[in-house]
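Colleague: Can you walk me through how the two chains of this model meet? Keep it short, please.

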2 protein chains.
Amino acid sequence: MMLLRYGVMLKGQIFINNINKNFRQYRRLLELNCLFFSTSPCKMEDVKDIKYGPLPADSPYVKPFRLYYTQNGVEKNWDCLKVHDSVAIIIFNVTRKKLVLVKQFRPAVYYGIVSEEGDPNNIDYEKFPPKIGITLELCAGIVDKNKSLKEIAQEEVLEECGYDVPLDKIEEVLVYRSGVGVSSAVQSLFYCEVTDELRKNKGGGVDHEIIEIAEFSIEEIEEKMKPGNVHTSPPSFLFGILWFLTNKAPLYR
Amino acid sequence: MMLLRYGVMLKGQIFINNINKNFRQYRRLLELNCLFFSTSPCKMEDVKDIKYGPLPADSPYVKPFRLYYTQNGVEKNWDCLKVHDSVAIIIFNVTRKKLVLVKQFRPAVYYGIVSEEGDPNNIDYEKFPPKIGITLELCAGIVDKNKSLKEIAQEEVLEECGYDVPLDKIEEVLVYRSGVGVSSAVQSLFYCEVTDELRKNKGGGVDHEIIEIAEFSIEEIEEKMKPGNVHTSPPSFLFGILWFLTNKAPLYR
């Protein structure tokens, strides 16, 4: 759930943060309509007008700062970033023996690729089509509400992938720091098995999130883990997949 | 190698960035002396005077910005961070059948823990001893020089862990994005096997880095990967360990 993750400019009015609930529901309906019924479906790779500017001081998502300290008698400093804790869920559909993963356009990844080889101030969209910024990931979300981690995981599975999984079917895997160099939010990793009967909607995220479900058989995902492969996915995805292949896949081959 | 990763205040003079080579070598000698011969050895957990302030606009390590774009007709924005690419290396000592890992004090992790439960402006060091910010990780380093990734990996193995491993003994594992939500630098993961004969120095990092080598047997590391465990380590560590346990450990049991 990334309700407040971006500012939305609509009909000339900027809605940021405290968008009221009715409006959110209205947008949700629009989104669902778009996902289910539109003859011109939502296209996550339909991305344009990319430009960048300084981080506003009041960003609710990224709070950078410098930490000063003395270690073993030497004064040092380190640049850090406060970000939200998160949950991630490895989902396996046992009806069709498929891993349920998500794809989405990740601005940070797109910018990362463009800034390595191109000019981010003057993007050549032919050379850098927005689809290069689409990543394959575990279903995941930030912890930004007063619910248990398992409840937040349950909500993400429903919102992003459409499965209404009972709380007691969600297993804890491990808890770790999503990063240690710059940010160090906690990420809690879960595993759950779902069936086709638990599918309640098409998923795809809430509000203006555009998330696409991608299903992989055990053999297909093993192929992706072969040595020498290059991923746009994060290490938590690779760990989750390998954990699944090691601990759960043998039961379903 | 994190030569320029922090500013160092020594004898009232601030040395940041372009510290000349001779001075670096002098500091290196001091550091080696401290690591090898001192009767009061370097203590990574001897951390005090922790305070924090705003990120300076000219931070060479953390460059936050806001990306604006239009996706599927909706104007959006996303807060991002540009950080350095990196390498990480899974090291296995075949002489003693031990995984060679590193421990270090991570300011971002320490701050993360304190800010969750305490007051980072007025730290209670009894309640939050600096050792809670020490993480267990793979040997790793940032890509900040004009060398091949494998050469940078080789250098990190020598600097952090003291093994002079031949370039052709370093295997590529996978390449992925170290994060996708906020930053998205590339991390290249390698594997190498070392022997006691390849050990040339005590490791521990360069300049004022204080890195401690931690060795684990296959059984000890398996214990750490059990469900429900809580780590201060990042997901790249967990993936690297699980990759080792799956692909290499069976040859050495």
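**The interface**

Modeller: Across the interface of chain A and chain B, the rule finds two salt bridges. A salt bridge here is a side-chain nitrogen of Lys or Arg within 4 Å of a carboxyl oxygen of Asp or Glu. This is a predicted model, where local features need pLDDT of at least 70, side-chain atom pairs count only at pLDDT 80 or more, and totals for chains, interfaces and linings use all residues. Residues are numbered from 1 along each chain as its sequence is written, chains are lettered from A and ligands numbered from 1 in the order in which they are written, and side-chain values use heavy atoms, leaving out hydrogens and water.

Colleague: Which side chains meet in a salt bridge with 3.4 Å from N to O?

Modeller: One of the bridges joins B:R177 to A:E116, at 3.4 Å, N to O.

Colleague: And how many residue pairs are in polar contact across the interface?

Modeller: The rule finds 30 such pairs, with both residues at pLDDT 80 or more. A polar contact is a pair of N or O atoms within 3.5 Å; within protein, one must be able to donate a hydrogen and the other to accept it, and residues adjacent in sequence count only if both atoms are side-chain atoms.

Colleague: Which element gives the largest share of chain A's side?

Modeller: That is β5(A), with nine residues. Strands are DSSP runs of E, at least two residues, and helices are runs of H or I, at least four, numbered from the N terminus.

Colleague: How many residues does the contact take from each chain?

Modeller: It takes 91 from chain A and 91 from chain B. Contact means heavy atoms within 4.5 Å. The copies meet through the same surface, because 100% of the interface residues of chain A are also interface residues in chain B.

Colleague: How much area do they bury?

Modeller: About 7,900 Å² between them, 63% of it on carbon and sulfur atoms. Buried area is the accessible area (1.4 Å probe) lost on putting two parts together, summed over both.

Colleague: New topic. What turn lays chain A on chain B?

Modeller: A turn of 180 degrees, with a shift of 0.0 Å along the axis and an RMSD of 0.0 Å. The two copies are thus related as by a two-fold rotation axis. The fit is by least squares on C-alpha atoms of residues with pLDDT of at least 70 in both.

Colleague: Which residue of chain A comes closest to that axis?

Modeller: A:F239, at 2.2 Å by its C-alpha.
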